[in-house]
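Got the viewer open? Let's walk through this one a selection at a time.

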Amino acid sequence: MVVTDRQQEAFRSAESEAARLYARARQVMPGGNSRTTIYQSPYPPYAARGRGAVVIDADGQERFDLLNNYTSLIHGHADPDINAAVIDQLQYGTAFAMPTEHEIALAELLVERIPSLERMRFTNSGSEAVMMAVKAARAYTGRPKIVKFEGCYHGSYDFVEVSLASNPSNWGDGDPISTAYSHGTPQSVLDEVVVLRFNHTEMAERRISEHKHELAAVLIDPMPLRAGLVQAEPDFLQRLRELCDAHGIVLIFDEVISLRTAYGGAQSTLGVTPDMTTMAKIIGGGFAVGAFGGSAEVMSVFDPSQGSPRAPHGGTFNANPITMIAGLVAMQKLTREEFERLDRLGAMLREGLAEAMDGARVQGQVTGMGSLAQIHLHDRPIRDYRDSLPTAEEAARGKTVFNGMLARGIFTAPTLTGCLSTPMDEPEINAFVDAFAASLRDE
Ligand SMILES: Cc1ncc(COP(=O)(O)O)c(C=O)c1O
């Protein structure tokens with residue numbers, strides 16, 4: 001695929017296939033949309049098909065897909081090995097009210113790779129995985145509250161949505177105020193969530209100690225995408241570990257995204273092992289998936305073999321053999337060598353994007369690690385959500401750059417977050433950097 005200079009985008013025209021599909025969608029879905037994250041005004045391009053690193057929209061434009069369904073498609077689109085395994089399984093059945101050997105194989109692989117996992121279970125999404133990890137912590141400790149960090153995304157469970165989109169008008173002058181993300185969130189939900197600032201150790205020490213008898217869990221993503229894609233500082237994580245140990249609180253790492261940064265997940269490189277881990281995205285090989293696990297002791301709350309479990313957990317499609325087989329093949333293909341290659345490409349990407357901003361004399365910085373990168377159009381030091389939150393003017397420039405890249409054949413998140421897939425190599429990195437450099441000049 002050759003990325004040319006800014007193309008006239010077919011999907012923007014009133015006669016486009018995207019416009020036609022969107023008009024139909026509006027008749028049956030609110031705002032024509034079934035997933036808030038992927039809405040774009042006035043309407044998004046519609047996907048027709050994908051192949052490796054490329055996604056082709058319904059109006060025929062090809063783009064390099066640097067979003068990969070929000071980081072989940074680590075092997076890009078229509079991977080032939082995953083497809084072959086899934087097609088083979090299709091003829092034997094897609095779901096049973098019986099467990100299959102495939103779920104054991106994927107669980108064995110994950111338990112073997114990820115330090116904190118002794119026992120685990122599957123769900124159909126990361127949201128459910130987080131919900132079940134929180135339930136596990138509550139059942140295990142008998143306590144109601146959780147700690148989460150301001151601006152950090154953990155899916156659609158009410159309790160973990162708290163303070164997801166706080167802003168200067170409502171986050172308060174002192175410690176963060178628990179704010180509702182969805183209208184109608186009961187006050188009782190907000191009251192059960194202690195919101196802290198990411199990477200602020202003193203605040204964590206003080207507030208966790210204050211609530212120590214009520215806290216079931218501390219939930220943290222070690223590199224939260226919506227809070228700037230910066231890493232948790234080692235001393236901060238270490239202190240959280242110590243506080244959880246001292247007060248009998250379950251430390252949960254949400255590795256739904258960060259699992260793609262290392263063979264054993266981010267936790268294998270951070271020097272801190274959580275009690276529980278949530279996973280999703282890459283472990284499903286492109287199919288709907290989630291999983292959670294941790295120490296055998298905490299996970300025993302789900303054990304039905306000794307009578308009624310303390311935390312029952314159902315799910316009609318949990319661990320279905322299609323997802324399990326796709327996930328197993330995807331994870332087997334992710335060898336240590338592949339991680340090293342993605343790390344090298346990721347470093348090249350982050351450097352290239354930073355150089356493009358230098359060259360254009362644009363203030364900015366690039367965060368991320370491994371196969372992940374996020375562009376910020378400001379140079380304030382970023383340690384947490386508040387530092388990374390763009391001003392209205394930065395957000396407007398970000399939108400121009402996003403649209404410029406879209407028009408030049410590069411698909412990222414509107415937040416200018418990109419991630420790599422294994423079919424990619426230097427040409428895709430160069431295309432991204434060139435499109436970004438050109439888009440910085442757009443008015
Ligand atoms: C860190 C994190 N946790 C949880 C979720 C929720 O996962 P899902 O979209 O599969 O429900 C996401 C989704 O992007 C995520 O990024």
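A polar contact here is a pair of N or O atoms within 3.5 Å; within protein, one must be able to donate a hydrogen and the other to accept it, and residues adjacent in sequence count only if both atoms are side-chain atoms. This is a predicted model, in which local features need pLDDT of at least 70 and side-chain atom pairs count only at pLDDT 80 or more, while totals for chains, interfaces and linings use all residues. Residues are numbered from 1 along each chain as its sequence is written, and side-chain values use heavy atoms, with hydrogens and water left out.

**Stop one: the ligand**

Select Gly126: one of its backbone N or O atoms is 2.7 Å from a ligand oxygen. Now add Ser127, which puts a polar side-chain atom 2.8 Å from an oxygen of the ligand. Lys281 also has a polar side-chain atom 2.8 Å from a ligand oxygen. On its own the ligand has 390 Å² of accessible area (Shrake-Rupley method, 1.4 Å probe), and the protein covers 82% of that. Widen the selection to residues with a heavy atom within 4 Å of the ligand and you'll pick up others, including Tyr153, His154, Asp221 and Asp254.

**Stop two: helix H3**

Jump to residues 80–90, helix H3 (helices are DSSP runs of H or I, at least four residues, numbered from the N terminus). Which residues of H3 are buried? Colour Ile82, Ala85, Val86 and Gln89; buried means under 20% relative accessible area, and exposed over 50% (1.4 Å probe, protein chains only). They sit on the same side of H3 because they cover an arc of only 95° around the axis, taken from the directions from the helix axis to the C-beta atoms. Spin to the face turned away from that side for the exposed Pro80 and Ile87.

Conventions:
Helix = DSSP H or I, 4+ residues; strand = E, 2+ residues; numbered from the N terminus.
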